[in-house]
Amino acid sequence: MAETTIDRATFDELKDTAGADFVAELVDTFLVEAPVMLGDLRTALGAGNADQFRRAAHSLKSNSNTFGALTLGAMAKELELTGLAPARAAGGATLDALAQEYARVAAALKELRNA
């Protein structure tokens, strides 16, 4: 599962650069913080807060790409660039898809962290 969800070259380069122990800490932090970012996106969508929406999407994009979660990063980038209107028009389906991809990423990162 990890191979299709996480770009191994990106993840391995991070491990080589930062060290396996530090990357394990980063993964643990991401697994705590990413659900908060997803919640922030939903809150901002409900409140119509475009700035909060953009910031949360940007943070999720950057963190995802760090680990090689390129699909999740691309989905977050799309939200960052297009803003509230398309997400609102989709009735939350965009955020549901993002949450599903995050669940795949979280499982893959846990697998890689424990490998």
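Good morning. I begin with Thr71, which is found in helix 5. This residue counts as partly exposed, at 42% relative accessibility. Its C-alpha atom is separated by 16 Å from that of Ala56, and the two residues are 15 apart along the chain. I should state at the outset that this is a predicted model.

Thr71 also leads us to a residue of helix 7. Glu101 touches Thr71, together with Thr5, Leu72 and Met75, when residues up to four places away in sequence are not counted. Glu101 itself is found in helix 7. Is Glu101 buried or exposed? With a relative accessible area of 8%, Glu101 is buried, since the cut-off for that class is under 20%.

Let me stay with helix 7 for two further residues. Leu112 lies in this helix, and it is buried, again with a relative accessible area of 8%. Along the chain, Leu112 and Ile6 are 106 residues apart, and their C-alpha atoms are separated by 9.2 Å. Asp96 also lies in helix 7. In its case the relative accessible area is 39%, and Asp96 is therefore partly exposed. The C-alpha atoms of Asp96 and Leu38 are separated by 9.5 Å, with their positions 58 residues apart along the chain.

I turn now to the nonpolar interior. The largest nonpolar core has 32 residues. Which of them touch the most other members? They are Phe30, Leu41, Phe53 and Leu60. Two or more residues of this core come from each of helix 2, helix 3, helix 4, helix 5, helix 6 and helix 7. Helix 5 spans residues 70-82 and helix 6 spans residues 84-89. The most is given by helix 3, with 10 residues.

Leu41 deserves a closer look. Leaving aside residues up to four places away in sequence, Leu41 touches Phe53, Ala56, Ala57, Leu60, Leu79, Leu95 and Leu98. Phe53 and Leu60 thus appear both in this list of contacts and among the core members that touch the most others.

Next, the packing of two helices. The axes of helix 2 and helix 4 come within 6 Å, and they cross at roughly 85 degrees. With that angle, helix 2 is roughly perpendicular to helix 4. On the side of helix 2, the contact is made by Thr10, Phe11 and Leu14. On the side of helix 4, it is made by Asn65, Thr66 and Phe67. How do the residues of this contact divide by character? Three are nonpolar, three are polar, and no charged residue takes part.

The remaining topic is charge pairing. Side chains of opposite charge can pair when their charged atoms come close. The structure holds seven salt bridges, and I shall discuss three of them.

One of them joins Asp12 and Arg8, whose side chains meet at 3.6 Å, N to O. Both residues are in helix 2, which covers residues 8-18; because they are four residues apart, about one helical turn separates them. Asp12 is partly exposed, with a relative accessible area of 28%. Arg8 is partly exposed as well, with a value of 31%.

Another joins Arg113 and Asp28, with the closest N and O atoms 2.5 Å apart. What does this pair tie together? Arg113 lies in helix 7, residues 93-113, and Asp28 lies in helix 3, residues 20-47, so the salt bridge ties together parts that are 85 residues apart in sequence. Arg113 counts as partly exposed at 28% relative accessibility, and Asp28 counts as partly exposed at 36%.

The third in this account is the salt bridge between the side chains of Arg55 and Asp51, at 2.2 Å, N to O. These two residues both lie in helix 4, residues 50-67, where they are four residues apart, about one turn of the helix. Arg55 is partly exposed, with a relative accessible area of 44%. Asp51 counts as partly exposed at 38% relative accessibility. This pair also has a wider setting: Asp51, Arg54 and Arg55 are linked in a network of salt bridges.

To close, I recall two points about helix 7 in this predicted model. Its residue Glu101 is buried, and touches Thr71, among others. Its residue Arg113 forms a salt bridge with Asp28, which lies in helix 3. Thank you for your attention.

Technical notes:
Residues are numbered from 1 along each chain as its sequence is written. This is a predicted model: local features need pLDDT of at least 70, side-chain atom pairs count only at pLDDT 80 or more; totals for chains, interfaces and linings use all residues. Side-chain values use heavy atoms; hydrogens and water are left out. A salt bridge is a side-chain nitrogen of Lys or Arg within 4 Å of a carboxyl oxygen of Asp or Glu. Buried means under 20% relative accessible area, exposed over 50%, partly exposed in between (1.4 Å probe, protein chains only). Axes are lines fitted to C-alpha atoms, for helices over the stretch in contact, and angles run from 0 to 180 degrees between N-to-C directions. Angles under 35 degrees count as roughly parallel, over 145 as roughly antiparallel, 65 to 115 as roughly perpendicular and the rest as oblique. Contact means heavy atoms within 4.5 Å. Ala, Val, Leu, Ile, Met, Phe, Trp, Tyr, Cys and Pro count as nonpolar, Asp, Glu, Lys and Arg as charged, and the others, Gly among them, as polar. A nonpolar core is a set of buried Ala, Val, Leu, Ile, Met, Phe, Trp, Tyr and Cys residues joined through side-chain atoms within 4.5 Å.
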